[in-house]
Amino acid sequence: MRFAPFVHLHNHSDFSLLGATTRVGDMLKKVAELKQPAVALTDYGNLFGAIEFYSKAMQMGIKPIMGCEVFLCDDHTKRVSEGPRGPRFPQMVLLARNNQGWKNLLKLISISYIDGFYYKPRVGKPMLDQYSDGLIALSSGSNGEVEQLLQKGDRKGAKATARAY
């Protein structure tokens with residue numbers, strides 16, 4: 001039996017600080033072992049592993065897909081206090097589709113650290129409009145905005161939010 005090529009588009013490495021333990025090299029070895037043609041690296045809120053990931057993937061003949069799981073907010077400059085550990089931000093996976101997408105991803109992540117850092121590096125929704133060219137947005141599982149609305153039973157709101165993106 002022959003399977004169609006499979007590509008993981010949502011992976012965290014040890015660069016997802018306190019969020020994952022998989023090392024980039026180990027992940028790529030497994031991808032090569034499974035003969036998968038490509039893989040994405042989408043660490044939480046950062047691109048710290050991008051150079052190692054890209055370099056090693058290219059050496060191994062694996063197409064690297066550059067991405068990041070971002071923390072969303074309405075206004076990345078506004079600070080809102082909620083609970084002892086701070087506010088919870090919905091998440092979204094962003095993948096660079098092309099060179100322009102990579103540049104926009106770099107811009108978004110840089111701004112999230114320089115102007116938007118509040119407990120976590122945050123991306124304001126208006127920033128997504130401004131820097132969306134060349135990016136592909138994916139749901140972020142149970143931490144995604146659409147999923148959180150669905151969990152609350154708000155199908156109408158989830159549908160509207162998905163359409164907005």
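**Entry 1: Y119**

I began with Y119, which is partly exposed, with a relative accessible area of 43%. I noted that the model I was reading is a predicted one. Y119 sits in the loop between α3 and β4 (122–124). I then looked up its backbone angle and found a phi near 70 degrees, a positive value in a residue other than glycine. For context, I wrote down that most residues other than glycine have a negative phi.

**Entry 2: K35 and Q36**

I looked for another positive phi and turned to K35. K35 has a phi of about 55 degrees, although it is not a glycine. I located K35 in the loop between α1 and β1. Is K35 buried or exposed? K35 counts as exposed, because its relative accessibility is 71% and the exposed class begins over 50%.

I went on to Q36, which is also placed in the loop between α1 and β1. Q36 is buried, because its relative accessible area is 10% and the limit for buried is under 20%. Which residues does Q36 touch, leaving aside its neighbours within four places in sequence? I found F6, H8, V31 and I62 in contact with Q36. I also took the separation between Q36 and E69: they are 33 residues apart in sequence and 22 Å apart in space, from C-alpha to C-alpha.

**Entry 3: G134**

I next examined G134, in the loop between α4 and β5. G134 is buried, with a relative accessible area of 2%. How far apart in space are G134 and Q100, C-alpha to C-alpha? The distance is 5.4 Å, although 34 residues separate G134 and Q100 in sequence. Leaving aside neighbours within four places in sequence, I recorded L95, A96, R97, N98 and G101 as the contacts of G134.

**Entry 4: Strand β3**

Two of those contacts, L95 and A96, led me to β3. I found that 6 of the 6 residues of β3 are buried. I checked its two faces separately. On one side Q91, V93 and L95 are buried, and on the other side M92, L94 and A96 are buried, so that both faces of β3 are covered by the under 20% limit.

I then looked up the partners of β3. β3 runs antiparallel to β2, and 5 bridges join the two strands. Within this pairing, F71 has Q91 as its bridge partner, and G67 has L95. β3 also pairs in the antiparallel sense with β5 (residues 135–138), over 4 bridges. There I found A96 opposite L135.

**Entry 5: Strand β2**

I followed β2 further. Of its 11 residues, 10 are buried, and the strand is mostly covered. Which sense, parallel or antiparallel, describes the pairing of β1 and β2? β1 and β2 pair in the parallel sense over 4 bridges, and V39 stands opposite P64. The pairing of β2 and β4 is parallel as well, over 3 bridges. In that pairing L72 stands opposite V123.

**Entry 6: Nonpolar cores**

I looked up how the buried nonpolar residues are grouped. The largest nonpolar core has 27 residues, and F53, V70, L94 and L108 have the most contacts inside it. The elements that give two or more residues to this core are α1 (24–33), β1 (38–41), α2, β2, β3 (91–96), α3 (99–114) and α4 (125–130). Apart from this core lies another, of 5 residues, among them A40, I65, V93 and L95.

I selected V70 for a closer look. Not counting residues up to four places away in sequence, V70 touches P90, Q91, M92, L94, I109 and V123.

**Entry 7: The cavity**

Finally, I asked about enclosed empty space. Rolling a probe the size of a water molecule over the atoms shows where empty space is left. How many cavities of 30 Å³ or more are there? The count is 1, and the largest cavity has a volume of about 60 Å³. Its lining consists of L41, D43, N46, L47, F48, G49, A50, F53, M66, G67 and W102. The elements that give two or more residues to this lining are α2 (50–59) and β2 (63–73). By class, I recorded 7 nonpolar, 3 polar and 1 charged residues in the lining. I noted that F53 appears in this lining and also among the residues with the most contacts in the largest nonpolar core. G67, another lining residue, is the one I had found bridged to L95 in β3.

Notes: Residues numbered from 1 in each chain as written. Predicted model: local features only at pLDDT ≥ 70, side-chain atom pairs only at ≥ 80, totals over all residues. Heavy atoms only, no water. 1 Å grid on protein atoms, 1.4 Å probe; cavity = no way out; pocket = protein on both sides within 12 Å on 5 of 7 lines; lining within 4 Å. Points joined across faces, edges and corners; volume = space filled by probe spheres on them. Nonpolar A, V, L, I, M, F, W, Y, C, P; charged D, E, K, R; others polar. Core = buried A, V, L, I, M, F, W, Y, C linked by side-chain atoms within 4.5 Å. Buried < 20%, exposed > 50% of the residue type's maximum accessible area, 1.4 Å probe, protein only. Contact = heavy atoms within 4.5 Å. Pairing = 2+ DSSP bridges.
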